[in-house]
Amino acid sequence: METNIEINKPSPKFQDVSIAPMHTCEHIVNRTMMNLFGCGRSVSAHIERKKSKLDYSLETAPTEEDVKRLEEAVNDVIAQGLDVTTEFITQEEAQGRFDLKRLPEDASETVRIVKVGDYDECLCLGTHVKNTSEIGIFKVISHDWNEGAKLWRMRFKLTAL
């Protein structure tokens with residue numbers, strides 16, 4: 001493996017280890033939303049240490065039952081104790097496997113893939129926990145629906161096990 005891998009410099013916020021559990025949980029929530037609702041990854045994210053929010057483009061608003069199902073599914077994945085690993089591949093290798101539209105125009109030829117066990121993988125420059133057992137318990141604390149934009153906003157927090 002190359003030792004001089006050139007990757008884009010992420011903003012310092014994404015390297016903040018205090019948000020690693022929350023950021024890793026974002027990966028799990030994104031995959032779970034895709035699995036449960038057939039949507040894409042979040043269209044907007046604001047990840048902080050104490051609470052975070054994610055926006056999803058959906059056809060209809062999730063019900064309270066859907067929100068409970070989401071919480072249970074995310075917590076089931078967290079409880080599996082999955083290893084979080086990284087891999088470096090070329091943009092050419094990433095084509096067809098990942099959505100490259102969000103890459104900046106000056107992105108390096110090498111991209112970083114973050115994997116949460118066999119559950120999720122995506123392009124990412126952030127800091128993550130080593131294992132999902134370090135995340136805690138996922139809880140949706142509020143959510144709202146914008147009918148005009150067909151956008152669902154979810155706010156969540158993590159609590160100790």
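Which residue in β5 is the bridge partner of Ile113? It is Leu123. Here are my notes on the rest, bearing in mind that this is a predicted model.

1. **The open sheet.** Three strands make up an open sheet, in the order β3-β4-β5, and the pairing is antiparallel. The edges are β3 (84–90) and β5 (120–123), each of which pairs on one side only. Going from one strand to the next, the twist averages 25 degrees.

2. **How the strands are joined.** β3 and β4 run antiparallel and are joined by 7 bridges. If you want a residue to look at there, try Phe88, whose bridge partner in β4 is Arg112. On the other side, 4 bridges join β4 (residues 110–116) to β5, again antiparallel. Besides the Ile113 and Leu123 match from the opening, Lys115 has Glu121 as its bridge partner in β5.

3. **The β4–β5 turn.** These two strands form a hairpin with 3 residues between them. Gly117 sits in that turn and has a positive phi of about 50 degrees. As for β4 itself, 5 of its 7 residues are buried, so this strand is largely enclosed by the rest of the structure.

4. **The largest nonpolar core.** This core has 31 residues, and the members that touch the most others are Cys25, Val29, Tyr56, Phe138 and Met154. Two or more residues come from each of α1 (20–37), β2 (52–57), α2 (64–79), β4, β6 and β7. Helix α1 gives the most, with 6 residues.

5. **Met154 up close.** Leaving out residues up to four places away in sequence, Met154 touches Val29, Ser52, Lys53, Leu54, Tyr56, Leu70, Phe138, Val140, Ser142 and His143. Val29, Tyr56 and Phe138 are names you have just met in the list of core residues that touch the most other members.

6. **A second core.** Apart from the largest core lies another one, of 6 residues. Its members include Ile89, Ala94, Leu100 and Ile113. So what links this core to the sheet? Ile113 is one of its residues, and Ile113 is also the residue bridged to Leu123 in β5.

7. **One aromatic pair.** Searching the whole structure turns up 1 aromatic pair. The partners are Phe138 and Phe156, 5.3 Å centre to centre with 50 degrees between the planes, which makes the pair tilted. Phe138 belongs to strand β6 (residues 137–146) and Phe156 to strand β7 (residues 151–159), so the pair ties together parts that are 18 residues apart in sequence. Both rings belong to buried residues: Phe138 has a relative accessible area of 1%, and Phe156 comes in at 0%.

8. **Cysteines.** For anyone thinking about disulfides, the count here is 0. Cys39 is in none, and the nearest cysteine sulfur, that of Cys122, is 14 Å away. Cys39 is buried, with a relative accessible area of 12%. Cys124 is in no disulfide either; there the nearest cysteine sulfur is again that of Cys122, 5.4 Å away. Cys124 also counts as buried, at 12% relative accessibility.

9. **Thr32.** This residue lies in helix α1 and counts as buried, at 1% relative accessibility. Not counting residues up to four places away in sequence, Thr32 touches Leu70, Ala73, Val74 and Tyr119. Leu70 is also on the contact list of Met154.

10. **Leu103.** Look for Leu103 in the loop between α3 (91–94) and β4. Is Leu103 buried or partly exposed? Partly exposed, at 22% relative accessibility, since buried would need a value under 20%. Beyond its sequence neighbours up to four places away, Leu103 touches Gln91, Val111 and Leu123. Gln91 is 12 residues from Leu103 along the chain, and their C-alpha atoms are separated by 9.8 Å.

11. **Lys150.** Most residues other than glycine have a negative phi. Lys150 is not a glycine, yet it has a positive phi of about 55 degrees. Lys150 lies in the loop between β6 and β7, and at 28% relative accessibility it counts as partly exposed.

Technical notes. Residues are numbered from 1 along each chain as its sequence is written. This is a predicted model: local features need pLDDT of at least 70, side-chain atom pairs count only at pLDDT 80 or more; totals for chains, interfaces and linings use all residues. Side-chain values use heavy atoms; hydrogens and water are left out. Rings of Phe, Tyr and Trp (its six-membered ring) pair if their centres lie within 6.5 Å; planes under 30 degrees apart count as stacked, over 60 as edge-to-face and the rest as tilted. Buried means under 20% relative accessible area, exposed over 50%, partly exposed in between (1.4 Å probe, protein chains only). Two strands pair if DSSP finds at least two bridges between them. Axes are lines fitted to C-alpha atoms, for helices over the stretch in contact, and angles run from 0 to 180 degrees between N-to-C directions. A disulfide is a pair of cysteine sulfur atoms within 2.5 Å. A nonpolar core is a set of buried Ala, Val, Leu, Ile, Met, Phe, Trp, Tyr and Cys residues joined through side-chain atoms within 4.5 Å. Contact means heavy atoms within 4.5 Å.
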